[in-house]
Protein chains: 2
Amino acid sequence: MHRNILVEQIRTKKSYLCVGLDTDIDKIPAHLQQQPNAIVKFNKAIIDATLPYCVSYKLNTAFYEALGSKGWDAMEETLAYIPKTHFKIADAKRADIGNTSNQYAKAFFETLDFDAITLAPYMGEDSIRPFLEYENKWAIVLALTSNKGAADFEMLGLRNGDENSHLRAEFLYERVLKKVSAWGNPNNLMFVVGATQATEFKNIREIVPDHFLLVPGVGFQGGSLQNISKNAMNSEVGLLVNVSRTIIFAGDKENFAEEAALIARQYQAEMERYI
Amino acid sequence: MHRNILVEQIRTKKSYLCVGLDTDIDKIPAHLQQQPNAIVKFNKAIIDATLPYCVSYKLNTAFYEALGSKGWDAMEETLAYIPKTHFKIADAKRADIGNTSNQYAKAFFETLDFDAITLAPYMGEDSIRPFLEYENKWAIVLALTSNKGAADFEMLGLRNGDENSHLRAEFLYERVLKKVSAWGNPNNLMFVVGATQATEFKNIREIVPDHFLLVPGVGFQGGSLQNISKNAMNSEVGLLVNVSRTIIFAGDKENFAEEAALIARQYQAEMERYI
């Protein structure tokens with residue numbers, strides 16, 4: 001999907017909501033669990049119900065892989081069901097040496113028709129490059145994640161040759177933003193920034209003013225939609241805020257899809273105020 | 001697999017070779033390519049031929065995912081074919097927030113019966129922990145990889161409060177070794193160290209004297225088996241040296257498996273000298 005189309009969808013729907021299909025077989029409504037193809041049935045119902053309120057769906061590959069090749073089938077079938085209007089993200093956290101990343105790019109951009117894939121930056125440039133070579137496809141690289149472990153490495157201070165400065169050290173995640181943004185451009189590259197990392201939003205926008213940010217951590221993980229929206233929105237909105245569990249597991253009865261739609265609509269309504 | 005059994009296998013076979021099943025459908029012999037289930041046929045022939053010379057197989061998930069759910073089936077079938085004597089590694093480079101890493105652990109340690117999975121450390125402790133909670137299963141965490149991009153982040157110098165020291169700064173990969181090794185122990189945790197990173201081998205062994213190292217980069221990527229063996233072997237050998245393309249694509253004719261066995265045997269013979 002070209003960036004212009006994504007921005008147009010956001011403007012039209014007054015929403016930058018991404019619904020995360022982290023479909024855990026143990027958490028879907030009991031009446032579905034025993035049915036054949038339960039995951040796909042659940043996903044299709046959630047997609048039908050939330051389509052008007054979101055611009056994107058994110059499939060977390062872990063939840064599908066946990067079911068083996070049946071799960072991979074369910075991912076393919078779910079993906080095929082999402083209409084072209086919606087930006088489709090493989091939340092896969094991949095990246096490997098170039099020869100291998102080529103194969104991951106093929107897996108998610110050719111064999112599967114995702115618009116974007118999330119990537120871990122640890123292995124550097126040749127692990128990311130293959131994903132940037134597809135037209136209208138996107139690499140979404142981890143910068144500062146929403147979890148507690150973000151403090152372990154992402155927020156380590158780097159030595160930068162000016163150690164006597166009273167300024168704080170540059171963080172690893174900042175170097176990731178600076179380096180990786182030079183490998184691509186705002187038409188093929190986004191960054192993951194956790195909604196729980198409120199103190200860093202303004203700083204991140206100074207480093208990458210034009211890139212879209214994919215923002216997990218709103219909802220169950222406790223991040224604030226208001227905070228990320230006020231501090232990191234740019235002139236093209238530039239945000240995709242993901243909500244997974246709070247929407248898809250809103251209800252556990254027959255009417256689970258309506259319950260999900262209700263929560264998705266609440267997020268959309270709040271986003272409409274910020275745009 | 002318990003560490004004692006792995007060490008025993010290494011001692012018995014006088015080999016610490018891991019054969020990498022990076023099975024690229026475009027690179028397997030032409031006479032196989034058009035056959036149904038070509039990948040599995042190829043893998044089974046390679047496994048049969050190389051079994052006596054190696055102690056481990058590593059399946060690179062990217063090459064299977066590139067084929068969609070059929071590829072995932074091929075991975076399952078290949079895995080089931082590898083005998084219990086051999087240590088089975090999912091080279092998957094996963095890791096995500098705890099809730100998601102739980103699912104990846106389930107995918108590779110329960111749904112699939114791998115002994116180990118490779119993981120990227122960027123997201124920190126809660127992204128690695130779920131893999132350490134299985135008995136006789138292993139997390140193999142990226143430390144210093146074999147590719148050019150290792151210089152981008154893995155070898156960044158960290159600020160450590162003693163900036164006027166004339167010693168070089170601590171590298172990110174060193175911090176990864178120190179921190180991650182405290183989360184597990186030499187019975188459930190290994191590290192990936194590229195064979196191309198010769199200058200760092202001794203240093204790495206000082207930081208993690210007892211852990212197994214999974215070493216890619218010998219063969220096609222140009223790393224030296226002699227060098228890693230001389231500088232990073234410990235009293236229990238402590239190395240699994242992976243060779244992929246050089247072995248599995250040694251021949252492209254009907255006798256491809258014999259050609260692969262020949263190369264695997266050469267590596268085993270060289271290893272026998274170093275043990």
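Which residue in E9(A) does Val192(A) stand opposite? Keep that in mind as we look around.

Before selecting anything, note that this is a predicted model, where local features need pLDDT of at least 70, side-chain atom pairs count only at pLDDT 80 or more, and totals for chains, interfaces and linings use all residues. Residues are numbered from 1 along each chain as its sequence is written, while chains are lettered from A and ligands numbered from 1 in the order in which they are written.

**Stop 1: the barrel.** Select the strands of chain A (DSSP runs of E, at least two residues; helices are runs of H or I, at least four, and both are numbered from the N terminus). Here 8 strands close into a parallel barrel, in the order E1-E2-E3-E4-E5-E8-E9-E10. Strands pair if DSSP finds at least two bridges between them.

**Stop 2: E8 and E9.** Now pick residues 189-193 and 212-215 of chain A: these parallel strands, E8 and E9, are joined by 3 bridges. Here is our opening pair, with Leu214(A) facing Val192(A).

**Stop 3: the two chains.** Show chain B as well. A turn of 180° and a shift of 0.0 Å along the axis lay chain B on chain A with an RMSD of 0.0 Å (least-squares superposition on C-alpha atoms of residues with pLDDT of at least 70 in both). The copies are thus related as by a two-fold rotation axis.

**Stop 4: the interface.** Select the contact (C-beta atoms, placed from the backbone, within 7 Å): 53 residues come from chain B and 53 residues from chain A. On the side of chain B that touches chain A, H6(B) gives the largest share, 7 residues.

How values were computed. Two residues are in contact if their C-beta atoms, placed from the backbone, lie within 7 Å.
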